[in-house]
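Reader: I would like to learn how to read a protein model step by step. Could we go through one together?

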Amino acid sequence: MLLSRTLCLLNRHRPVREEVEWTGLGHVGTCKTCKAPIRRLDAGGWRKRRAKKGLN
Ligand SMILES: [Zn+2]
(Lines give C-alpha, C1' and ligand atoms only; values in the text may rest on other atoms or scores of the structure.)
Protein backbone atom coordinates (compact mmCIF):
# COMPACT_ATOMS: atom_id res chain seq x y z
CA MET A 1 0.00 0.00 0.00
CA LEU A 2 1.36 3.38 -0.95
CA LEU A 3 0.69 5.03 2.40
CA SER A 4 2.42 2.21 4.26
CA ARG A 5 5.44 2.47 2.00
CA THR A 6 5.63 6.17 2.69
CA LEU A 7 5.52 5.55 6.44
CA CYS A 8 8.34 3.03 6.05
CA LEU A 9 10.44 5.64 4.30
CA LEU A 10 9.86 7.83 7.32
CA ASN A 11 11.02 4.94 9.55
CA ARG A 12 7.51 4.30 10.88
CA HIS A 13 6.89 0.62 10.46
CA ARG A 14 4.17 -1.86 11.34
CA PRO A 15 4.98 -5.37 12.55
CA VAL A 16 3.76 -8.74 11.38
CA ARG A 17 1.80 -9.60 14.53
CA GLU A 18 2.48 -13.33 14.35
CA GLU A 19 6.22 -12.73 14.27
CA VAL A 20 6.58 -10.32 17.16
CA GLU A 21 8.94 -11.70 19.81
CA TRP A 22 9.91 -10.67 23.31
CA THR A 23 13.69 -10.70 23.74
CA GLY A 24 13.79 -9.82 27.42
CA LEU A 25 14.77 -6.27 26.56
CA GLY A 26 12.00 -5.38 24.20
CA HIS A 27 9.79 -6.51 21.39
CA VAL A 28 11.22 -7.19 17.97
CA GLY A 29 9.57 -8.16 14.74
CA THR A 30 9.44 -7.82 11.00
CA CYS A 31 7.79 -4.98 9.15
CA LYS A 32 4.82 -6.32 7.20
CA THR A 33 5.25 -3.68 4.53
CA CYS A 34 8.99 -3.51 3.82
CA LYS A 35 10.13 -6.71 5.64
CA ALA A 36 12.79 -4.84 7.57
CA PRO A 37 13.78 -6.05 11.03
CA ILE A 38 12.21 -3.67 13.51
CA ARG A 39 11.95 -3.13 17.25
CA ARG A 40 9.30 -1.57 19.42
CA LEU A 41 9.99 1.69 21.20
CA ASP A 42 9.07 2.22 24.84
CA ALA A 43 6.88 5.08 23.75
CA GLY A 44 5.17 2.90 21.16
CA GLY A 45 5.75 2.70 17.46
CA TRP A 46 8.29 0.63 15.59
CA ARG A 47 11.69 1.56 14.21
CA LYS A 48 14.25 -0.21 12.11
CA ARG A 49 16.74 -2.40 13.95
CA ARG A 50 20.49 -2.42 13.43
CA ALA A 51 21.84 -5.49 11.71
CA LYS A 52 24.04 -6.37 14.68
CA LYS A 53 22.94 -9.43 16.61
CA GLY A 54 22.03 -9.14 20.26
CA LEU A 55 21.71 -5.39 20.33
CA ASN A 56 18.59 -3.31 20.02
ZN1 LIG B 1 8.50 -0.94 7.03
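Reader: How many helices and strands does the chain have?

Author: A good way to begin is to list the elements and then to read them in order. In this predicted model, the chain has 1 helix and 4 strands, and along the sequence they follow the pattern α-β-β-β-β.

Reader: In what order do the strands lie in the sheet?

Author: To read a sheet, one asks which strand lies beside which, and in what sense they pair. Here the 4 strands form an open sheet in the order 1-2-3-4, and the pairing is antiparallel. The edges of that sheet are strand 1 (21-22) and strand 4 (46-48), each of which pairs on one side only.

Reader: Over how many bridges do strand 2 and strand 3 pair, and what stands opposite G29?

Author: Strand 2, residues 27-30, pairs with strand 3 in the antiparallel sense over 3 bridges, and G29 stands opposite I38 in strand 3. Moving one place across the sheet, strand 3, residues 37-40, pairs with strand 4, again in the antiparallel sense and over 3 bridges; there, the bridge partner of R40 is W46 in strand 4.

Reader: Which residues in the turns of the hairpins have a positive phi?

Author: For each hairpin, one looks at how many residues separate the strands and then at the backbone angles in the turn. Strand 2 and strand 3 form a hairpin with 6 residues between them, and in its turn K35 has a positive phi of about 65 degrees. The hairpin of strand 3 and strand 4 has 5 residues between its strands, and in that turn G44 has a positive phi of about 100 degrees. K35 is a residue other than glycine with a positive phi, whereas G44 is the glycine of the other turn.

Reader: Is K35 buried or exposed?

Author: This is decided by counting neighbours, and a residue with 12 or fewer other C-beta atoms within 10 Å counts as exposed. K35, in the loop between strand 2 and strand 3, has 11 C-beta neighbours inside 10 Å and therefore counts as exposed.

Reader: What follows helix 1, and how many of the residues of helix 1 are buried?

Author: In general, an α-helix has 3.6 residues a turn, so residues three or four places apart point the same way. Helix 1, residues 2-9, is hardly covered, for the count of buried residues among its 8 residues is 0. Helix 1 is followed by N11, whose phi is positive, about 65 degrees, although N11 is not a glycine. N11 is placed in the loop between helix 1 and strand 1, and it is exposed because 12 other C-beta atoms lie within 10 Å.

Reader: Where is V20 placed, and with which residues is V20 in contact?

Author: V20 also belongs to the loop between helix 1 and strand 1. Setting aside its neighbours within four places in sequence, V20 is in contact with P15, H27 and G29. With 14 other C-beta atoms within 10 Å, V20 is partly exposed. One can also compare separation along the chain with distance in space: V20 and R40 are 20 residues apart along the chain, and their C-alpha atoms are separated by 9.4 Å.

Reader: What do the contacts and the buried residues say about the whole chain?

Author: Buried residues make up 9% of the 56 residues in the chain. Among contacts between residues at least 6 apart in sequence, 21% join residues at least 24 apart.

How values were computed: Residues are numbered from 1 along each chain as its sequence is written. This is a predicted model: local features need pLDDT of at least 70, side-chain atom pairs count only at pLDDT 80 or more; totals for chains, interfaces and linings use all residues. Two strands pair if DSSP finds at least two bridges between them. Helices (H or I, at least four residues) and strands (E, at least two) are DSSP runs, numbered from the N terminus. A residue is buried if 20 or more other C-beta atoms lie within 10 Å of its own, exposed if 12 or fewer, and partly exposed in between; C-beta atoms are placed from the backbone. Two residues are in contact if their C-beta atoms, placed from the backbone, lie within 7 Å.
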